[in-house]
Amino acid sequence: MGKSRLFYGLASVGLILLVACSKKSATNGTGANVNVAPKGILTLPHETTTLENGLKVFLVKYPSTGVVAYQLGVRVGSRNEVEAGKSGFAHFFEHLMFRGTKTLSSQEFGAIYTENGVSYNAWTWYDMTNYHGEVASRYLDKILAAEADRFQNLDFTEAALKAEAGAVLGEYLKSASDPGFLMEETMQELAYKSHTYGHTTMGYKADIEQYPNRYQDVWPFFKRYYRPSNVRIVLVGDIEFDKALELVRAKFGAWENPADQPQAVTPEPEQTSERSRVVEFPSPTPTRIGIAYKVPAFGTQNVESAALKLLVDVYFSETSEFQKTYRFEKGWLDSVSATPLETVDPGLWKVELILSDSGKDKEAELKQAVFDVIAKIQSSPADAAELAAAKTRSRNAALTRWFSAPDALAGQINWYTNFEADFAVLDRLFQRIDEVQPSDVVAFAKKYLVAAKRTTVTLRGKVQ
Ligand SMILES: [Zn+2]
């Protein structure tokens, strides 16, 4: 449906921009050195509360007069689709959340947003479903009332479900016309044997085709995951803490957790040998090479996630030797993407190359070039100045983009609190980046970027 969409690819949700908080040393009036603690990234006034039912509330005052950005993050995504035949259910459910409540039809529900001038949307991803928008602060009570209504009193007919099933199948078919989607679908399936990351957020086509018959099955899913203890509300903008919290409490405070519990996700056994596959896209398209490694879940308890981010910046960004040589000098590549995808369980870090016309016969050389870069990372520590520059770039990018608008900041807070549910995760993220030493990057590459943990997919277009 028009008001909801699925984000794909590393660059969409995952524009995770990093900041390094450098530890500064200041000199006081007596000439003694005073250590000044690194300043937190979130310098705006903020407050967090957990309601008695477990719902977490994150509030930030942002200088956006009269406007507030809101996000309702649900800790459910395709990762939670553990039952056979029900892949893509989290995304399907995101669509169903627009189909009305016990007291409002779908049209009446939508009219509340339109009449109050709200821009709103939703997306689903591996680990999360998110309902978000921007509203004039004076209408925040109306929007929170509407959100509370659909989270607690969702209701729709079997006919409405069938209509939405058709819309989702259409969305799948549109996605499937993109070679990037076939790459993602193939890569996830090949890299995961047990874990639900083996299917994309869209789900399998065969399962989607059965959605019209799933009316009885969607309600248990709703009760398991759309529960206060599994939801976060983030408000960033022109708010008063007390009033905003009072509003949230009034609309969501009486919401009770259903007895149904989220289902356990099967862990993925360790990958012990390399996997590779060649697929053909059913129409002409430039060749793509995806080289992926199993990497740890996102976390700030150690420097591993931070080391990977810096490694990507130094060795695979637009200014890297790799891109300089193979993309800009030889001209063999149209694009290189390598942004790490942050995940709740161990995930994939993937370098994806799109070959140019002049590089179309260079598959073997380009694969070897990526392996050579990784061998170099493992054998010689990164230049300290280059690593420091990457930390600075991360900080500047975050300061620019995170704080560009209230909805941008709300999105970052919602994204990171899905992993570690406190504001301080933002500061820890930058502290870990600041701590990364050249030896940490070497250690990361030696431990994780090895052939036994590698999955390679080559996608070639159909030759006409
Ligand atoms: Zn959708």
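A convenient place to enter this predicted model is the pairing of T50 with K56, its bridge partner in β4. The strands around this pair, β3 and β4, run antiparallel to each other and are joined over 5 bridges. Both belong to an open sheet of 6 strands, ordered β3-β4-β8-β5-β7-β6, in which the pairing is mixed. At the edges stand β3 and β6 (119–124); each has a single partner strand, so one side of each has no neighbour in the sheet. On average, and ignoring direction, neighbouring strands here are turned by 10° against each other. Helix α8, spanning residues 241–252, lies across β3, β4 and β8 and runs at about 150° to β4.

Stepping back to the whole protein, the domain assignment gives domain 1 as 41–252 and domain 2 as 275–461. The C-alpha centres of domain 1 and domain 2 are 28 Å apart, and their contact draws 35 residues from domain 1 and 34 residues from domain 2. On the domain 1 side, the elements that give two or more residues are β3 (46–50), β4 (56–61), β5 (67–74), β7 (129–136), α5 (179–191) and β8 (231–237). Of these, α5 supplies the largest share, 7 residues. By class, the domain 1 side that touches domain 2 comprises 19 nonpolar, 10 polar and 6 charged residues.

A second open sheet is built from 5 strands in the order β9-β13-β10-β12-β11, again with mixed pairing. Its edge strands are β9 (275–281) and β11 (333–337), each of which pairs on one side only. Neighbouring strands in this sheet are turned by 15° against each other on average, with direction ignored. Within the sheet, β10 (residues 288–295) and β13 (residues 454–461) pair in the antiparallel sense over 6 bridges. I289 can serve as a landmark, for it stands opposite T458 in β13.

Helix packing completes the picture. Two packed helices are described by the angle between their axes and the distance between the axes. For helix α9 (residues 304–316) and helix α15 (residues 438–448), the angle is about 95° and the axes are 9 Å apart. The two helices, α9 and α15, are therefore roughly perpendicular to each other. From α9, the contact is made by E304, A307, L308, L310 and L311, while α15 contributes D440, V441, F444 and A445. Sorted by class, this contact of α9 with α15 has 7 nonpolar and 2 charged residues, with no polar ones.

Notes: Residues numbered from 1 in each chain as written. Predicted model: local features only at pLDDT ≥ 70, side-chain atom pairs only at ≥ 80, totals over all residues. Domains from an automatic or database assignment. Contact = placed C-beta atoms within 7 Å. Helix = DSSP H or I, 4+ residues; strand = E, 2+ residues; numbered from the N terminus. Nonpolar A, V, L, I, M, F, W, Y, C, P; charged D, E, K, R; others polar. Axes fitted to C-alpha atoms, helices over the stretch in contact; angles between N-to-C directions. Parallel < 35°, antiparallel > 145°, perpendicular 65-115°, else oblique. Pairing = 2+ DSSP bridges.
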